[in-house]
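User: I am new to this structure. Please choose one part, look at it closely, and show me how it ties in with its surroundings.

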Amino acid sequence: MFRITENMFVRRAASGRLQSIEHIREPFTVRRPVPMAASALADEYVREVSSTYGFESGLTNALDTPIPGAVTQDGSRLHRTRQRELAGSIVVEYAQSYAGLPVWRAVFSVHIAQGPLRVTSSDSTVHESVQLSNDAAAVARAQQTYSSLAALNQALRLDPARGATRVNRLATLIYQYQPADRVELPDPGAS
């Protein structure tokens, strides 16, 4: 079981929730007869630190599966989405989903030093508890409604005659709306 020690630097949010652990002096390793891939080490680490970060049970049940991208009955899950090299280390990232949909900017990152592979830190922007205020099935229906370019132009009040609108990708995701952070732009048609 992972334990925070005096050799680790821990950062917490104002709420007290754990945001990151730096443990360069006490790296996390797994002793195996065969060398592990960075993604397997990262998966093992995420499972080990999940309770330290206060993650709800079940969050680590789908680490090696892609985000469904369609409404499911699943609760919160982490999904390995990206592995990249950065300044001589490897960063493995996991995105959070809820009910099969990605949660906007909710990521858990594992930083791995090479030679030998060892985890030296982790960062989390994972949401503690996700609850939808609207019906997931209704969201899926709305996605179908706005999947045509004409419907999207109408909903956004765009005039196709003023320029071509192009949709590169459509995705339904979960976003935590903060009314205080909203920026209201003036209506260009109002005088």
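Analyst: One definition comes first. Ala, Val, Leu, Ile, Met, Phe, Trp, Tyr, Cys and Pro count as nonpolar; Asp, Glu, Lys and Arg count as charged; the others, Gly among them, count as polar. Keep in mind, too, that this model is predicted.

The part to look at is strand 5, residues 101-113. Start with the pockets. The second largest pocket has a volume of about 380 Å³. Its lining is made by 14 residues. Nine of them are nonpolar, two are polar and three are charged. I67, P102, V103, R169 and L173 lie nearest the centre of this pocket. Strand 4 and strand 5 are the elements that give two or more residues to its lining. Strand 5 has the largest share, with six residues.

Now turn to the largest pocket. Its volume is about 540 Å³. There are 20 lining residues, and L132, I174, Y175, Q176 and Y177 are the closest to the centre. The lining of this pocket splits into eleven nonpolar residues, eight polar and one charged. Strand 5 and helix 2 (136-145) each supply at least two residues here. Again strand 5 gives the most, this time four residues.

Next, the interior. The largest nonpolar core holds 25 residues. Those with the most contacts inside this core are Y45, L78, Y94, F108, V110 and I112. Strand 5 is one of the elements that give two or more residues to the core, along with strand 2 (18-22), helix 1 (38-49) and strand 4 (89-98). Helix 1 provides the largest share, six residues. A second core, separate from this one, has five residues, including L101, V103, A106 and V130. V103 has thus come up twice: in this second core, and among the residues nearest the centre of the second largest pocket.

Helix 1 deserves a short detour. Its buried residues are A38, S39, L41, A42, D43, Y45, V46 and V49. They pack against strand 3 (76-86), strand 4, strand 5 and strand 6. The length of the helix can be checked as well. Its twelve residues, at 1.5 Å a residue, should span 16 Å, and the end C-alpha atoms are 16 Å apart, so the two values agree.

Back to the strand, and to its backbone. Most residues other than glycine have a negative phi, and most peptide bonds are trans. R105 sits in strand 5. This residue is not a glycine, yet its phi is positive, about 55 degrees. Is R105 buried or exposed? R105 has a relative accessible area of 64%. The cut-off for exposed is over 50%, so R105 is exposed.

R157 offers a parallel elsewhere in the chain. R157 lies in the segment after helix 3 (149-155). Its phi is also positive, near 55 degrees, in a residue other than glycine. R157 is exposed too, at a relative accessible area of 69%.

One more feature belongs to the loop between strand 5 and strand 6 (118-124), where P116 is found. The peptide bond from G115 to P116 is cis, with omega near -5 degrees.

To recap, strand 5 contributes to the largest core. Strand 5 also gives the most to the lining of the largest pocket, and the largest share to the lining of the second largest.

Terms used:
Residues are numbered from 1 along each chain as its sequence is written. This is a predicted model: local features need pLDDT of at least 70, side-chain atom pairs count only at pLDDT 80 or more; totals for chains, interfaces and linings use all residues. Side-chain values use heavy atoms; hydrogens and water are left out. A nonpolar core is a set of buried Ala, Val, Leu, Ile, Met, Phe, Trp, Tyr and Cys residues joined through side-chain atoms within 4.5 Å. Buried means under 20% relative accessible area, exposed over 50%, partly exposed in between (1.4 Å probe, protein chains only). The expected span of a helix is 1.5 Å times one less than its number of residues. Contact means heavy atoms within 4.5 Å. On a 1 Å grid over the protein atoms alone, a cavity is a set of points where a 1.4 Å probe fits but cannot get out, and a pocket is an open set with protein on both sides within 12 Å along at least five of seven lines; lining residues have an atom within 4 Å of a point. Grid points are joined across faces, edges and corners, and a volume is the space filled by probe spheres set on the points.
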